[in-house]
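Colleague: I would like to learn how to read a model like this one. Can we take it feature by feature?

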Number of protein chains: 2
Amino acid sequence: MDEYLAKRAALIAEDRVGRLDSGRREFYTADSEKADGIVRRIRAAEAISVWGADNKAVDGADDATHLFPGMAFLTARELIVKTKLFKIMSKLPKGSLLHAHLDATVNARVLLDIALKYPAFHVRSSSALSEATLKTVQPEFNPLAPSAWTEHRSLTNASYTPGTWVPLQDARRNFAFGGPEGFDQWVLGALTISPAEAYRTHNTTSKIWDKFTSTFLTSSGLIHYMPVWEQYVRTFLLSSIEDGISYIEVRVNFWHKLMLDADGGETITHREWLSVFDRVTNEVKASMAQQSRADEFVGCKIIYTTLRFITPEELVWYTEDCITLKKEFPHLIAGFDLVGHEDSLKPLIDYFVPLTEFVERQKEEGVEIPFIFHAGETLGDGTPADVNLYDAILLGTKRIGHGFSLIKHPKLMQICREKNIAVETCPISNEILRLTSSMPMHPLPAVINHGVPVTLCSDDPSAFGNMGLSYDFFQVLVASETNGLHTMGCLARDSFKYTCLTDEEKAQAMTSWDKQWSKFIQWVVEEEGFVEVPEEAQPSSTDFTNLRRLKKA
Amino acid sequence: MDEYLAKRAALIAEDRVGRLDSGRREFYTADSEKADGIVRRIRAAEAISVWGADNKAVDGADDATHLFPGMAFLTARELIVKTKLFKIMSKLPKGSLLHAHLDATVNARVLLDIALKYPAFHVRSSSALSEATLKTVQPEFNPLAPSAWTEHRSLTNASYTPGTWVPLQDARRNFAFGGPEGFDQWVLGALTISPAEAYRTHNTTSKIWDKFTSTFLTSSGLIHYMPVWEQYVRTFLLSSIEDGISYIEVRVNFWHKLMLDADGGETITHREWLSVFDRVTNEVKASMAQQSRADEFVGCKIIYTTLRFITPEELVWYTEDCITLKKEFPHLIAGFDLVGHEDSLKPLIDYFVPLTEFVERQKEEGVEIPFIFHAGETLGDGTPADVNLYDAILLGTKRIGHGFSLIKHPKLMQICREKNIAVETCPISNEILRLTSSMPMHPLPAVINHGVPVTLCSDDPSAFGNMGLSYDFFQVLVASETNGLHTMGCLARDSFKYTCLTDEEKAQAMTSWDKQWSKFIQWVVEEEGFVEVPEEAQPSSTDFTNLRRLKKA
């Protein structure tokens with residue numbers, strides 16, 4: 001038997017040799033091993049104490065809610081935040097955030113509060129509002145020049161003509177369905193995805209994408225107003241830092257060629273967006289330095305994106321625009337991408353000509369703007385969205401956005417391993433957008449075991465409610481017995497490797513991260529309420545699918 | 001661009017080189033290519049005509065049912081049977097059925113009809129029946145010796161004492177909740193899993209396993225009665241043949257050491273089970289030969305199984321029993337397995353000692369009984385059920401039952417490829433038992449692309465409603481654009497390779513299959529109503545996740 005167990009251990013080790021946390025002994029210390037043990041014990045104990053209560057009604061869900069670790073995020077969130085495991089994941093230094101869309105990165109409530117400060121903001125609805133239509137009719141926002149301000153004072157009185165602008169403050173004050181509170185609820189509902197939408201009424205990829213897209217249409221009117229935008233960018237950076245994120249490459253949608261100025265005029269060019277972005281980033285860095293927290297924020301770069309529904313001819317304007325911006329802001333433009341629902345919009349191959357011309361033009365202009373393409377964000381097998389993975393890689397993508405279907409492609413996984421092409425995995429996004437029903441069904445554990453470089457990302461946290469990276473780290477840690485605290489640490493630390501930073505900057509970022517990690521480990525092993533989680537709370541098998549038996553015991 | 005497209009085609013081919021349908025040009029003919037085209041056109045057309053109607057209420061489901069190809073089987077079934085694609089899958093010669101549990105292979109209605117012929121059958125309920133308890137209180141069946149027959153004539157009158165046996169016929173006739181029809185509905189509900197149970201009330205792996213297990217407890221009382229069993233085995237073989245299955249290795253549960261005889265006495269030994277099984281199989285073979293259909297039925301062998309909850313000490317009785325049976329029926333015993341819910345029952349490693357002793361004992365007795373283990377039928381990552389895969393392979397398993405979590409194990413997949421260890425994949429079973437929410441989320445396409453040998457299986461068709469193999473073939477074909485008719489053909493033909501037949505028998509079985517395949521291809525290309533499916537019905541992208549756009553167009 002001993003001989004067999006040795007052979008077995010060797011096989012398991014060989015099977016896991018490609019994992020990012022394998023062969024990283026330099027990363028392990030006596031304290032980190034102790035912290036890992038604490039985390040595993042807490043996870044096992046909470047599997048019973050938190051996720052063991054079946055049919056608990058949470059977050060407005062019906063009484064048939066079945067709890068388990070890694071379950072549907074929107075239903076689980078209010079339980080997640082109460083766990084010790086989440087407290088630990090919140091404090092963990094996260095490294096880089098490499099896949100997030102700027103327009104969905106600031107908490108919806110915070111965004112609305114910022115907008116409410118500006119009398120220029122108006123709101124309208126496309127059809128008459130009633131209790132019945134509140135969930136389907138979306139508000140539309142727009143800052144208007146004073147000359148265009150209207151006499152209308154309510155969206156909900158009998159005389160309201162759908163499509164007419166009403167001052168935001170008035171519309172809110174006079175809202176017939178619950179006053180300001182009801183108004184806010186209506187707006188926040190339009191800016192976020194609810195559990196009922198994700199798990200019942202919109203329970204297919206295409207339906208939930210409809211809802212998801214509508215959140216961008218609603219928020220767009222609030223964000224693309226320079227006085228708001230500046231505060232929006234600052235809020236995004238500060239809240240990310242508070243969540244332990246020290247470096248960001250954020251996707252900015254440049255599809256709109258102009259943003260509105262303070263007077264509601266459509267006059268602000270992309271160049272000015274970047275100037276403001278640059279200034280805000282520098283202010284945040286300076287402020288961090290002032291607080292002796294310079295280590296916690298390396299910076300934030302931009303991945304230039306436009307939308308996958310434009311024509312190949314139209315793309316040329318954007319690639320040229322991107323080159324112009326790169327020349328003026330070389331430190332800010334990190335890459336180029338095309339975004340939108342892959343299953344229904346144009347595949348990459350449709351843009352082959354302008355994309356290869358873009359590469360040529362970069363050489364002519366002496367700039368380098370790597371592709372960082374979305375690809376394979378799909379359940380399809382052999383569909384155009386799945387096939388995007390081949391084109392992304394052949395076109396030389398530096399990382400892969402989502403790559404959800406990558407596990408189906410052994411050759412492409414090999415290329416990713418060889419060329420260090422990281423997959424920007426967005427666990428909670430994938431689950432809410434119905435690519436997976438829960439974390440245990442997500443392909444991430446397979447991708448990790450196959451040695452493909454991975455980085456965890458939040459994608460669109462204001463729509464999904466997974467602000468920062470703590471929730472995504474939590475969902476990944478809680479749904480696998482193989483992953484431990486070192487796995488999460490390696491995921492965070494390795495994220496710098498796949499950034500567009502220079503080698504020197506990467507080394508510096510990792511050194512800073514190492515300091516934060518040491519502090520974090522120290523905190524875990526010393527924090528009251530952690531160490532005393534009893535050994536006996538740990539079931540002999542920490543098998544989350546095995547809860548029922550444990551509960552009965 | 002041409003150069004790029006050539007490079008791209010080469011990369012796609014390299015990525016798919018391990019697929020079972022790759023490099024099989026000998027398998028393709030002008031007619032089979034034509035048939036494949038027909039199938040792809042039908043699939044694309046039906047993606048819109050059948051799966052394009054959203055929110056259609058089917059099979060008693062609520063009005064929020066979202067249709068898509070490969071969707072939840074129990075909700076989709078009544079639509080599936082109306083499709084041309086299903087008609088084609090029904091006629092396709094399926095090759096071998098290598099993973100099915102005998103006690104769940106005969107249609108529940110047919111089983112009940114057989115039982116109704118025997119006056120010895122009695123039924124009881126453990127608590128009082130009412131409209132409210134009908135869905136949770138299960139009937140229990142037992143044939144009683146005439147001396148034990150009772151005076152009771154109804155399960156539902158006021159004087160009924162729960163736990164008291166009532167003659168089946170009387171209980172049915174006098175059933176207060178809808179008479180005989182209501183009685184049958186109650187029994188069939190206990191023998192099968194309903195959409196509401198699978199997708200709402202029992203929507204976790206552990207809860208649905210409770211219901212699933214209860215179907216076996218109910219059917220056990222009907223099946224383990226020799227007069228029924230003989231007809232049961234015959235019905236299983238004949239219905240399999242009608243579905244195009246030509247060879248079977250069926251798992252028989254020998255946990256009960258004795259079966260009831262015609263008089264209700266617990267006297268029938270395993271030896272007698274096999275005698276009857278042997279005779280029935282031979283009768284079916286003879287009858288097929290008489291009809292000049294010998295090619296359609298190669299035979300049926302038994303995989304000896306007992307349950308994963310017995311102690312390692314208890315296992316020894318079964319391994320010795322298995323050896324005894326193998327010596328008397330060498331042509332019938334094909335392998336050995338331990339079955340039951342892996343997430344909650346004992347892992348393979350617990351049985352290491354008796355299992356290795358079993359191998360030694362086989363050598364002493366001069367027999368060879370390969371292990372054909374269930375392993376990795378789980379969503380767990382690094383849990384004991386997932387780790388079963390290492391032990392199954394180290395213990396030399398010939399095939400892997402389910403292997404749902406195998407995709408997480410690169411080294412084990414390599415071993416499966418090298419040693420030709422086939423994964424017995426049960427797509428519909430996995431979906432109903434909540435390992436996957438739908439076929440597009442199933443890991444099968446990844447497993448196929450990684451070149452791991454695969455065979456499609458039905459597992460427990462009487463509980464799931466996926467009688468035969470046509471439904472499982474359908475679900476696999478409809479949810480992938482990469483799979484085509486040749487893929488399904490290769491899956492069927494290759495299944496013989498992984499059987500316990502001798503090389504000579506395998507070659508013969510494949511030759512017979514080839515004849516059926518030719519006939520089948522001929523039928524597809526000539527059948528009225530197939531060829532005329534218009535080319536224009538095929539969307540430019542046959543992307544099933546893209547239905548919404550197509551529907552709008």
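Modeller: What follows goes through helix packing, burial, backbone angles, cysteines and one loop residue.

Modeller: Keep in mind that this is a predicted model.

Colleague: Let us start with helix pairs. How are two packed helices described?

Modeller: Two packed helices are described by the angle between their axes and the distance between the axes. Take α15 of chain A, residues 410-419, and α1 of chain B, residues 2-15. They pack at about 105°, with axes 7 Å apart. Angles from 65 to 115 degrees count as roughly perpendicular. Therefore α15(A) and α1(B) are roughly perpendicular to each other.

Colleague: Which residues of α15(A) and α1(B) meet?

Modeller: From α15(A) come P410(A), K411(A), L412(A) and I415(A). From α1(B) come L11(B), E14(B) and D15(B). By class, that contact has four nonpolar, no polar and three charged residues.

Colleague: And at what angle do α1 of chain A and α15 of chain B pack?

Modeller: Helix α1 (residues 2-15) of chain A and helix α15 (residues 410-419) of chain B pack at about 105°, and their axes are 7 Å apart. So α1(A) is roughly perpendicular to α15(B). On the α1(A) side, the contact uses L11(A), E14(A) and D15(A). On the α15(B) side, it uses P410(B), K411(B), L412(B) and I415(B). The contact of α1(A) with α15(B) divides into four nonpolar, no polar and three charged residues.

Colleague: Now a pair inside chain B. How do α2 and α4 of chain B pack?

Modeller: Helix α2 spans residues 30-49 and helix α4 spans residues 84-91 of chain B. Their angle is about 140°, and their axes are 9 Å apart. Over 145 degrees would count as roughly antiparallel. At about 140°, α2(B) is therefore oblique to α4(B). The contact takes V39(B), I42(B), R43(B) and E46(B) from α2(B). From α4(B) it takes K84(B), L85(B) and I88(B). Four of these residues are nonpolar, none is polar and three are charged.

Colleague: Stay with α2 of chain B. Is A44(B) buried or exposed?

Modeller: Buried means under 20% relative accessible area. A44(B), in helix α2 of chain B, has 3% relative accessibility, so it counts as buried. A44(B) also shows how a fold brings distant sequence positions together. Its C-alpha atom is 9.4 Å from that of E481(B), 437 residues apart along the chain.

Colleague: Can burial be read for a whole helix? How many residues of α3 of chain B are buried?

Modeller: Count them along the helix. Six of the eight residues of α3(B), residues 73-80, are buried, so the helix is largely enclosed by the rest of the structure. The buried ones are F73(B), L74(B), T75(B), A76(B), L79(B) and I80(B). Their cover includes α4, α8 (195-201), α16 (427-432), α18 (461-464) and α19 of chain B.

Colleague: Next, the backbone. What sign does phi usually have?

Modeller: Most residues other than glycine have a negative phi, and most peptide bonds are trans. R434(A) is not a glycine, yet its phi is positive, at about 65°. R434(A) sits in the loop between α16 (427-432) and α17 (444-449) of chain A. At 7% relative accessibility, R434(A) is buried.

Colleague: What about R434(B)?

Modeller: R434(B) also has a positive phi, of about 65°. R434(B) lies in the loop between α16 and α17 (444-449) of chain B. Its relative accessible area is 7%, so R434(B) is buried.

Colleague: How many disulfides does a search of the whole structure find?

Modeller: Zero, over all chains. Look at C322(A): the nearest cysteine sulfur, that of C500(A), is 11 Å away. A disulfide needs the sulfurs within 2.5 Å. At 11 Å, the sulfur of C500(A) is too far from that of C322(A) for a bond. C322(A) is buried, at 0% relative accessible area. C500(A) is partly exposed, at 21%.

Colleague: Last, a loop residue. Where is T482(B), and what does it touch?

Modeller: T482(B) is in the loop between α19 (470-478) and α20 (485-494) of chain B. T482(B) is buried, with a relative accessible area of 10%. Its side chain reaches the backbone nitrogen of G382(A) at 3.5 Å. Leaving out residues up to four places away in sequence, T482(B) touches D381(A), G382(A), R16(B), R19(B), R40(B) and T487(B).

Definitions and conventions:
Residues are numbered from 1 along each chain as its sequence is written. Chains are lettered from A and ligands numbered from 1 in the order in which they are written. This is a predicted model: local features need pLDDT of at least 70, side-chain atom pairs count only at pLDDT 80 or more; totals for chains, interfaces and linings use all residues. Side-chain values use heavy atoms; hydrogens and water are left out. Helices (H or I, at least four residues) and strands (E, at least two) are DSSP runs, numbered from the N terminus. Buried means under 20% relative accessible area, exposed over 50%, partly exposed in between (1.4 Å probe, protein chains only). A polar contact is a pair of N or O atoms within 3.5 Å; within protein, one must be able to donate a hydrogen and the other to accept it, and residues adjacent in sequence count only if both atoms are side-chain atoms. Contact means heavy atoms within 4.5 Å. Axes are lines fitted to C-alpha atoms, for helices over the stretch in contact, and angles run from 0 to 180 degrees between N-to-C directions. Angles under 35 degrees count as roughly parallel, over 145 as roughly antiparallel, 65 to 115 as roughly perpendicular and the rest as oblique. Ala, Val, Leu, Ile, Met, Phe, Trp, Tyr, Cys and Pro count as nonpolar, Asp, Glu, Lys and Arg as charged, and the others, Gly among them, as polar.
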